[in-house]
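Here's a quick tour of a few helices and strands. Take a look at the structure first, then read on.

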Amino acid sequence: MRYLFRPPAAEAAGLLTLPWHQPLAEWDDSLLLEVPQRGISRHVVRFVASEGRVFALKEIAEPLARHEYALLSEFEQEGLPSVSVLGLCVDRPEDQEAILVTRYLEYSMSYRYLFSSARAHSPGRLLDTLVELMVRLHLAGVFWGDCSLSNTLFRLDAGTFAAYLVDAETAERHPTLSARMREYDVDLARERVGAELLDLRSGELLPAGIDPIAVAESLPGRYESLWDEVTREEVFRLDEQQYRVAERLQRLNDLGFDVGEMELVTSAEGARLRVDTRVAEPGQNRRELFRLTGLEAQERQARRLLNDLRAYRAYLEQRSGKPVPETVAGHRWLAEVYQPVIDSIPPELAGRLEPAQIFHEVLEHRWFLSERAGRDVGTTAAARAYVETVLPRTPREVTTPSVMADRH
Amino acid sequence: MAAIEMKHIVKQYGDGFPAVNDVSLDIADGEFMILVGPSGCGKSTLLRMIVGLEDITSGDMVIGGKRVNDKAPRERNLSMVFQNYALYPHLSVFENIAFPLRLAKTPDAEVDRLVREAADVLELHEHLDRKPANLSGGQRQRVAMGRAIVRQAEAFLFDEPLSNLDAKLRGQMRTEISRLQRRLGITTVYVTHDQMEAMTLGDRVCVLRKGKIQQVASPRELYEQPVNLFVAGFIGSPPMNFLPATPQNGGLSTPFGTIKLDERRAAAVTGRDLLLVGIRPEYFEDASLVDEAKLPLGSLFRARVDVTEWLGDSQFAYIPYEAPDAIRNQLRDLSRELDAEELRTQAIVSIDSTSRIREGRDAEFWLDSRKVHVFDPTTGENLTRDAEAGAALTRMAAEDRVEQMEDAKSGSGGTTSVGAA
């Protein structure tokens, strides 16, 4: 047998002792982790934990496994939202298929949970998240070929969702993607999403108000409008040029896209603006938060946390009457504000939401309580109330697998 | 259902590289056409131009009499079979087949009729109310086919559908696809790199090399009357043996002795210098097992056997031979181009499974010289191809197809309208 992986993969050393020579379907239950957050797969997929990390193992024909391994590695390097691939095991005895190993996307949720949960997230918002992922992939020249809710994982990001590609088996990389390829990909997505929702309805897992066919039919339009928004050429008067360029740039950044190059062609009729929109990993706030605190969070969460950090710095400066360097403020905020909130989570509720998401929700809750009380209740009180009344409403089954693995 | 006509189709990429180069191909209504060739031959690009996923640089793509160059995939009404394998666990088998119609808001009565007709063809009618978890591997694949059928497409398209299945399921599926195509009589284009699939499935096979058509013919014509070295080497497993040969007194001098040629073939090679003679493994036999009456139809030679492979019902012997460098290089290039691993400087010969020929010993072989072909090593052209005999083989295949389709239609109880547009 051969194992292929790209360093660093030290966290996975423990995986080498697993019974790779056996068919995945026959692995002993004691080696596996039960993960309720699952989509539909046509392959055998199992989950294992090693040194506090969870991995997804998929049995699949070797050429497909190598293809997927190569593509997922590329996606990760380029910052495309996809699961992270660890490696693969090939040359297994008796001509068994290869096994592709990906890192489990912690704190992610499947569409099955999101569409059927009592929290009833708006289907429109989930579709917009999916469509944003498709636009990113298409801008990067990726034809997905199997875009479906099953092949996507969702993560909460401070009140919105972020979508990640899970399955790249049928994906293809092109220098650029023709309009026809995009249209075809969207059409495939429309059909799969429709089928998946019909399936949920049939299993009585879909809230009554959601019409699978109407939701699926809305997908192409949502895609088109986002695609248009990020790629369209604009024409405007010369005197509005400066302000319109800045506005467009800001709008694209707000949508989470970067602009590689802007081309402005002026003529008697006005200026024609062409943008070369890029998919960059949304990251400015994320990097800043990491630099100041060492915390990892998603972009919108990071923005929220940074705002709180800055407010805390202002408070420190006001109290001491002198400037506080931002690194010092970061340090103190982490120790005096953030960590106490996270530490107040009782063990039985740990792992249900990402820590940064919890902090964001505590801030939301603080706003809600303060509004009601007519005064600022403070973070400590908000955190206590949140842990007592809000967090327990998040169902146990969304507990991220690495935390469950630690409990065993 | 519809015929597909391609006229001088060219696909040129930005860098000027022609992935498909002046391809003209007519696929008859109801015909099963295979596009085959090694990777990079242009077969998938051609299929994508039929579907509408790739722009056509020049030429005409005509489906059902209409030029479709500028039509989007959805407007062409073709069905990519197996583009969606997913089975939905809460949906019944019926709904797993029906959902494309549900999403298109097809009236219930129509959905019911189309799904039941498809299920009859696929022999899934007994399972329609079950959940897919209870289906066998083969039945699951048939559900995916059912989805394609209910769309009532003009044609079915397959892009290497079996390449990732295990050997057992692959064999089963080959049979299923072939049977289904006959029963529905629907125009089908099937892309594969596997010559075995090509030979067993297609009415006609289009062999492509570097974006150009080499030969379009029935599997038998390809096998017996290949136009060139490339087709001869690509079709057949184990592959055709190519030996260096020089014309000599109306025959050929080869490392395996002199091979007699009939008048027609002798005339075709006179005046030539170094040639390649192509001999299929089954044209050889252990001389001691050949009937007296057959012996004069071929030639005898002795050679040392390197390895034998006994497979129960058949047996192969490997006989190394010497070849001049020019030929050796030619063969190496050919095997590289065919994605084949071996350098062909040993002949693979098929001998009767009862033969006692042993490894490492000299043995006497008989070689049936009636069916050998002679190739120009430089151009690859088959100098001894009998075009008329070849055409007759392809005509026969076409007649068989018509007959089988009629049988299928009259035979099995009124499911003839399935898949009809």
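## Helix α11 and its two sides

On the face of α11(A) that points away from its buried side, you'll find the exposed residues A:Glu388 and A:Thr389. Keep in mind that this is a predicted model. The helix runs over residues 379-390 of chain A, and its buried residues are A:Thr379, A:Ala382, A:Ala383 and A:Tyr386. These sit on the same side of α11(A), because they cover an arc of only 100° around the axis.

So what do the buried residues of α11(A) pack against? Their partners are α9 (326-343) and α10 (355-373) of chain A.

## Helix α4

Next up is α4, residues 179-202 of chain A. With 24 residues at 1.5 Å each, it should span 34 Å, and its end C-alpha atoms are indeed 34 Å apart, so the two agree. Of those 24 residues, 17 are buried, which means α4(A) is largely enclosed by the rest of the structure. Just past the helix, A:Glu204 adopts a positive phi of about 55°.

## Strand β3 and its partners

Strand β3 covers residues 53-60 of chain A; six of its eight residues are buried, so it too is largely enclosed by the rest of the structure. Strand β2 (residues 45-50) runs antiparallel to β3(A), joined by six bridges. The pair makes a hairpin with two residues in between, and A:Glu51 in the turn has a positive phi of about 45°.

β3(A) also pairs with β5 (residues 98-103), again antiparallel and over six bridges. A:Lys58 shows both pairings: it stands opposite A:Val45 and opposite A:Leu100 in β5(A).

Key
Residues are numbered from 1 along each chain as its sequence is written. Chains are lettered from A and ligands numbered from 1 in the order in which they are written. This is a predicted model: local features need pLDDT of at least 70, side-chain atom pairs count only at pLDDT 80 or more; totals for chains, interfaces and linings use all residues. Helices (H or I, at least four residues) and strands (E, at least two) are DSSP runs, numbered from the N terminus. The expected span of a helix is 1.5 Å times one less than its number of residues. A residue is buried if 20 or more other C-beta atoms lie within 10 Å of its own, exposed if 12 or fewer, and partly exposed in between; C-beta atoms are placed from the backbone. The arc is that of the directions from the helix axis to the C-beta atoms. Two residues are in contact if their C-beta atoms, placed from the backbone, lie within 7 Å. Two strands pair if DSSP finds at least two bridges between them.
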